[in-house]
Amino acid sequence: MMFAAFWVLIWGVACTCRVEDETSAQAPVEAEADVDDTLAAEVELEEDRVGNGRFPRARRMRAEKARKQRKAKAIKQAAGVKRKLNSLTTEQMVEAAAPTHAFSVNGKPRHVVLVVIDTLRADVVAEVDTPIFDAIASRGSVKKMWTSSTWTAPSVISLFTGSSVREHGWRFPFPAQMNAKKHTYAKLPDVPVLAEVLGDAGFVTTGFYGNTLLHRRLGYNRGFKRWRFVGDRRLPSVVASEVAVWEEGERHFLYLHMFGAHQPLRPTAESKEKWGVDSKYIVPGKGFKLKKLDVKDKAGVEQYNLAYRAVVEDVDHRLGQVLAALGEHRADSLVIITSDHGELLGEHDVLGHGSFVWEPLTDVPFAVDGGGSVPARMTTASIADLVTRSVGVEHTWPVSVENPGPLVAQREGKIAFSTDGRFKGVWDSKNLGDGFAVFDLKKDVGETAPLGEEKEATLMSSRSAWESQVKEVHLASKEEAMSEELILALQELGYME
Ligand SMILES: [Zn+2]
């Protein structure tokens, strides 16, 4: 009896949690049978040994064994799913990306899938073909979305802590400068993070990240039951095997940080051809030769622009596979797609995302499905509040959806500030002649024609008003050399020479 019931349970879980038929391939029948038979035999053996499961330890062992077996099965299935995901057409992925809602927790989504695509510019996403992003954005978007900082580390901290850089205090420079001073970073500030808040509310929290900056040493894993590095290429199949073991009644928070359009750019052959990226700029397996590119080399910069656009389209395709991998869970999920910062593609004579707060870095894409109404303007800092209120979890974050405050992006003392998304004040003593200027983003997209004193005075007083309301925090770095391992990882990302 026990044996039969157990087998039905395992089989039932495997069936109900499968990625929908469209996207899943049958795992070899023989192999599946082997797994189940082995499990059944082991359970039977254990029954004999401990006597009908009256002992808690035996029950725990059985449950653990069953979990491992389900996992093994999910991994086998994932291989088939991966093949199927790779062959999905754009139309099939668009359909899977935005299904009819089936929200099962008092009319709210059961799961949260928060996708951050590294280094994505809002204007380029709007310009090129991104059918998957557009499908989500058609469900919900904002007029203007800024990142709270312009590189990964502080930006993700704003996302996790629901606060601006001024409030969380993590304002350290790029690794090379830290290393030169023999300093290393402080961990995430000791305030509640999104994964903890959702975890306390009963969510199973899992994070897969494709940018090595987000390693455990800095504490990004705080609140996550599992926090694992997964490259973008493997992400769809990893997500497929992840959701295959989700149990009935559970709620899940899945944080997916894709490497996205971060350098080194490695466009696929298909998009490389579509955008006319010249192969001489690409090192096979390593990507675009950005380090050797002079910003004054017009042809080279043009090629980098093309390669970036090609990669953004590739990333959208990958996003389609990731969302399809959610299978039936997609319809019962809050899905948010955004980025941690943009990229300068030659504007202001810069390539990359160095220490600036120009618009190509601050303006990031944002799309939400299942989150109710969103304000016209948001920053990365208001996403945590959007998530918790969308899934019915009560928590007060420093920045809320109802009162998102001004748009603020900060980076090592530089500040970009706007109350309306049109007039932007930039305080940057290093890269701006007078140290402060105001630009009209509607008429002057390139931020090259500063406005007069009147606008400056308005922006200055708005900034002072905000600062008087928001407490400033400074985290201290540690006097300690960075580990060799970390330095190597950062060098690979182009953060260090
Ligand atoms: Zn980043």
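**Exercise 1. Determine what share of the contacts with a separation of 6 or more comes from residues 24 or more positions apart.**

Solution. Two residues are taken to be in contact if their C-beta atoms, placed from the backbone, lie within 7 Å. Among the contacts in the protein with a separation of 6 or more, 74% join residues 24 or more positions apart. This is a predicted model, in which local features need pLDDT of at least 70 and side-chain atom pairs count only at pLDDT 80 or more, while totals for chains, interfaces and linings use all residues. Residues are numbered from 1 along each chain as its sequence is written.

**Exercise 2. Check the length of helix 13 against its expected span, and describe how covered helix 13 is.**

Solution. Helices are DSSP runs of H or I with at least four residues, and strands are runs of E with at least two, both numbered from the N terminus. Helix 13 covers residues 298–325, and the expected span is 1.5 Å times one less than the number of residues. For its 28 residues this gives 40 Å, which agrees with the 41 Å between the end C-alpha atoms. With buried meaning that 20 or more other C-beta atoms, placed from the backbone, lie within 10 Å of a residue's own, 23 of the 28 residues of helix 13 are buried. Just after helix 13, Gly327 takes a positive phi of about 55 degrees.

**Exercise 3. Trace the open sheet that contains strand 17.**

Solution. Four strands form this sheet in the order 14-15-16-17, with antiparallel pairing, where two strands pair if DSSP finds at least two bridges between them. Its edge strands are strand 14 (407–411) and strand 17 (436–440), each pairing on one side only. Strand 16 (residues 423–427) is joined to strand 17 by 5 bridges, and Val426 has Ala437 in strand 17 as its bridge partner.

Note on methods:
Buried ≥ 20, exposed ≤ 12 C-beta atoms within 10 Å, placed from the backbone.
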